[in-house]
Amino acid sequence: MSPAFFITAIVTILAAATVMSLRNLVHCALAMAITFSGIAAIYLQLNAEFVGFAEILVYVGAIAILIVFAILLTRSGEAPEKSVLTAGWAAGLVVSVLVFAVLGWSALNSTALPTTVTAAPKITVKKIGEALMGKFILPLEIVALVLTAAMIGAVIIALKEDAKTENPGRKS
Amino acid sequence: MTPLQACLLVSAFLFAVGFAGAVTRRHAILVLIGIELMLNAANLNFIAFWRFGPHPEALTGILFVLFSMALAGAEAAVGLALVIAIYRHKKTSNLDEVKELQG
């Protein structure tokens, strides 16, 4: 484990814990962008350069902006006065601690994990493109179809409805 | 601790934090952020097992992560559209107040 990996892992973990503990949603979105940048840095250290840059483009670029827009459109930029936690938050916290304990214990004690570190593979974008257009062409087409359907569905769901159903309380 | 175990520990923590956020926070957008964190933890596991597994020259891990990122993008778009639609109807994005279907 190199010092660079240690530093990026610490930054990622602290940013992830910050996302879920802050009250103001805009701050949460900022910490989320830092978390995704840290994950992209870990990908870069694991010789997955293409995935690292895709992570920055998709998550830090697109999804963070999408979430900030949703925060603005739902007018939830200010921190609420009431509690930000649900009614049964203690049970949820206990379950998540148990999940971390089980996953961490099995990662540390498993005998099935490979112990020898293989040499870093040479992965070029050309190889990824050839695999996408050759062996993985069917999953690529299915993902394209799913993305198109999801985008059309998102637009229809968020479409403005007519004024009668939009504001039931107002007399017109 | 081998590098693979370090990666698995980081991803286990990310998954636990994302799960805790998804079940304990009451704002709908934060629940979506928690789900994104859990998806990222799974992607980190894919990359770690691809890099330290016996056959890193096969591109399966990388391609699986690329497809899962596309699906995560679709999920985020539909989820945020639902949050906006619910806000327009009920003027709230607090999940404790949206309980029409509760038995």
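The exercises below deal with a predicted model of a complex and work through chain B, its contact with chain A, and a few single residues.

**Exercise 1. Confidence**

Task: State what confidence the predictor gives to chain B and to the complex.

Solution: Start with the chain. Chain B has a mean pLDDT of 90, and 100% of its residues reach 70 or more. Then take the complex, for which the predictor gives an ipTM of 0.91 and a pTM of 0.89.

**Exercise 2. The build of chain B**

Task: List the elements of chain B and decide whether the chain is as spread out as a compact globule or more so.

Solution: Step one is the count: chain B holds three helices and zero strands. Read from the N terminus, the order is α-α-α. Step two is the radius of gyration, which is 17 Å for chain B, while the globule rule gives 13 Å for 103 residues. The value is well over the rule, so chain B is more spread out than a compact globule. Step three is the box: along the principal axes, the C-alpha atoms of chain B fill roughly 55 × 25 × 20 Å.

Two further values complete the picture. Of the 103 residues in chain B, 56% are buried. Among contacts in chain B with a separation of 6 or more, 49% are between residues 24 or more positions apart.

**Exercise 3. The contact between the chains**

Task: Describe the side of chain B that touches chain A by its elements and by its residue classes.

Solution: First count the residues: 64 come from chain B and 70 from chain A. Next look at the elements. Those of chain B that give two or more residues to this side are α1 (3-24), α2 (28-52) and α3. The most comes from α3(B), with 21 residues. Last, sort by class: the side of chain B has 47 nonpolar, ten polar and seven charged residues.

**Exercise 4. One residue of α3**

Task: Determine whether A70(B) is buried or exposed, and find which residues it touches.

Solution: A70(B) sits in helix α3 of chain B. Its C-beta neighbours inside 10 Å number 20. The cut-off for a buried residue is 20 or more, so A70(B) counts as buried. Leaving out residues up to four places away in sequence, A70(B) touches V143(A) and L147(A). For a distance within its own chain, take E100(B): the two residues are 30 apart in sequence, and their C-alpha atoms are 32 Å apart in space.

**Exercise 5. Two residues with positive phi**

Task: For N47(A) and K91(B), give the phi value, the place in the chain and the exposure.

Solution: Begin with N47(A). Its phi is near 65 degrees, a positive value in a residue other than glycine. N47(A) lies in the loop between α2 (25-45) and α3 (49-73) of chain A. With 18 other C-beta atoms within 10 Å, N47(A) is partly exposed.

Now K91(B). Its phi is positive, about 55 degrees, although K91(B) is not a glycine. K91(B) is found in the segment after α3 (60-90) of chain B. There are 12 other C-beta atoms within 10 Å of K91(B). A residue with 12 or fewer is exposed, so K91(B) is exposed.

**Exercise 6. The domains of chain A**

Task: Give the bounds of the domains of chain A and the separation of their centres.

Solution: Domain 1 of chain A covers 1-78, and domain 2 covers 124-172. Taken over C-alpha atoms, the centres of domain 1 and domain 2 of chain A are separated by 23 Å.

Terms used:
Residues are numbered from 1 along each chain as its sequence is written. Chains are lettered from A and ligands numbered from 1 in the order in which they are written. This is a predicted model: local features need pLDDT of at least 70, side-chain atom pairs count only at pLDDT 80 or more; totals for chains, interfaces and linings use all residues. pLDDT is the predictor's confidence in each residue, from 0 to 100. Helices (H or I, at least four residues) and strands (E, at least two) are DSSP runs, numbered from the N terminus. The radius of gyration is taken over C-alpha atoms; the globule rule is 2.2 Å times the number of residues to the power 0.38. Two residues are in contact if their C-beta atoms, placed from the backbone, lie within 7 Å. Ala, Val, Leu, Ile, Met, Phe, Trp, Tyr, Cys and Pro count as nonpolar, Asp, Glu, Lys and Arg as charged, and the others, Gly among them, as polar. Domain bounds come from an automatic or database domain assignment.
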